[in-house]
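Reader: I should like to learn how to read the features of a protein model in a systematic way. Could you guide me through one example?

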Amino acid sequence: MDSGSISTEAVAELTAELGALLKGAQDQAPAQPSPAASSAPAPSRPAPEPAAKAPAAPAPKPVEFSDVDPKAYYYDAVQWAVQQGITSGTSETTFSPDQECTCGQTIALLWRSAGSPAPKGQNNPFTDVKEDAFYYQPALWAAERGVVSGTALHPDEPVTRGQFAAFLYRNAGSPAVAGKSAFSDVPEDAPYAQAVAWVAGQGIASGTGENTFSPDAVCTRGQIVTFLYRAKK
């Protein structure tokens, strides 16, 4: 063997040293997590306790009036009107549901059922509405909305069923009405004809007979609060 050849013993020795170096490098490398370990779900946290529900507010206690029968058609409306502050009894024990309503009273009740909004201005178009009247602000509001018009409100005169139907209709924006009134005592050319057809169609007011509305009959307190109550539903 010449001097340029590598002996078998030298090759074996180099191979052993290289193997030792590779093993040392593997021992020093950080351990890699196994696929099973890396896909393991994180420990679950307990679900938060649901928030406790606030107890329901107790129902308002019914207001008892000696002249309001629980079976009367206006019973629920009277309860609603009193509890909402729209009106009160005529005494501590009476509501007077059959008492006639004046125009001033009716406009005030309509105004309160709308939330007693302040009129946008203080221009008073009515010569018969004084500033110290309880219906002064309601009258200004009603005039601005077009519920009433003219230069006289006639606040002390009673309101008829036809007039109050017109008040409700105008307050709703005078919506379009399909068809005409089905009541024989409501002429097609009457100023309240569309209003009567609308309140009847909305279930706010029904007739006084099979095909009559009695538009000239005076509205009572029981009727007024009933119409307002149904209009809000």
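Author: The discussion that follows goes from the overall fold to the core, the pocket and some individual residues. Please note that the model is predicted.

Reader: How many helices and how many strands are there in the chain?

Author: The chain has 8 helices and 0 strands. In sequence order, the pattern reads α-α-α-α-α-α-α-α. Among contacts with a separation of 6 or more, 66% join residues 24 or more positions apart. Of the 233 residues, 33% count as buried.

Reader: How should one read a single helix, and which residues of H5 are buried?

Author: An α-helix has 3.6 residues a turn, so residues three or four places apart point the same way. In H5, the buried residues are Tyr136, Pro138, Ala139, Leu140, Trp141 and Ala142. The cover over these buried residues includes H4 and H6. After H5 comes glycine 146, with a positive phi near 80°.

Reader: Which residues have the most contacts inside the largest nonpolar core?

Author: Phe164, Phe167 and Leu168 have the most contacts inside this core, which has 54 residues. At least two core residues come from each of helix H3 (75–83), helix H4 (103–113), helix H5 (136–145), H6, H7 and helix H8 (221–232). To see one case, consider leucine 168: apart from neighbours within four places in sequence, leucine 168 is in contact with Leu110, Trp198, Val199, Ile204, Phe227 and Leu228.

Reader: Pockets are my next concern. What is the general idea, and which residues lie nearest the centre of the largest pocket?

Author: Rolling a probe the size of a water molecule over the atoms shows where empty space is left. In this model, the largest pocket holds about 280 Å³ of space. Its lining has 17 residues, and Cys103, Val148, Leu153, Gln163 and Phe167 lie nearest the centre. By class, the lining comprises 11 nonpolar, 4 polar and 2 charged residues. Helix H6 (residues 161–171) gives the largest share of the lining, 5 residues. Phe167 thus appears in both settings: among the residues nearest the pocket centre and among those with the most contacts inside the core.

Reader: Since a cysteine is named there, how many disulfides does the structure hold?

Author: A disulfide is a covalent bond between the sulfur atoms of two cysteines. The structure holds 0 disulfides. Cysteine 219 is in no disulfide, and the nearest cysteine sulfur, that of cysteine 101, is 7.6 Å away. The cut-off for a disulfide is 2.5 Å between the sulfur atoms.

Reader: Is cysteine 219 buried or exposed?

Author: Cysteine 219 counts as buried because its relative accessible area is 0%, and the cut-off for buried is under 20%. Cysteine 103 is also buried, at 7%.

Reader: Loops remain. Where does threonine 87 lie, and is threonine 87 buried or exposed?

Author: Threonine 87 is in the loop between H3 and H4. With a relative accessible area of 12%, threonine 87 is buried. Not counting residues up to four places away in sequence, threonine 87 touches Ala81, Val82, Phe95, Leu109, Arg112, Arg221 and Val225.

Reader: And is proline 191 buried or exposed?

Author: Proline 191 sits in the loop between H6 and helix H7 (193–201). Its relative accessibility is 75%, and therefore proline 191 counts as exposed, the cut-off being over 50%. Proline 191 and glycine 162 are 29 residues apart in sequence, while their C-alpha atoms are 8.7 Å apart in space.

How values were computed: Residues are numbered from 1 along each chain as its sequence is written. This is a predicted model: local features need pLDDT of at least 70, side-chain atom pairs count only at pLDDT 80 or more; totals for chains, interfaces and linings use all residues. Side-chain values use heavy atoms; hydrogens and water are left out. Buried means under 20% relative accessible area, exposed over 50%, partly exposed in between (1.4 Å probe, protein chains only). On a 1 Å grid over the protein atoms alone, a cavity is a set of points where a 1.4 Å probe fits but cannot get out, and a pocket is an open set with protein on both sides within 12 Å along at least five of seven lines; lining residues have an atom within 4 Å of a point. Grid points are joined across faces, edges and corners, and a volume is the space filled by probe spheres set on the points. Helices (H or I, at least four residues) and strands (E, at least two) are DSSP runs, numbered from the N terminus. Ala, Val, Leu, Ile, Met, Phe, Trp, Tyr, Cys and Pro count as nonpolar, Asp, Glu, Lys and Arg as charged, and the others, Gly among them, as polar. A nonpolar core is a set of buried Ala, Val, Leu, Ile, Met, Phe, Trp, Tyr and Cys residues joined through side-chain atoms within 4.5 Å. Contact means heavy atoms within 4.5 Å.
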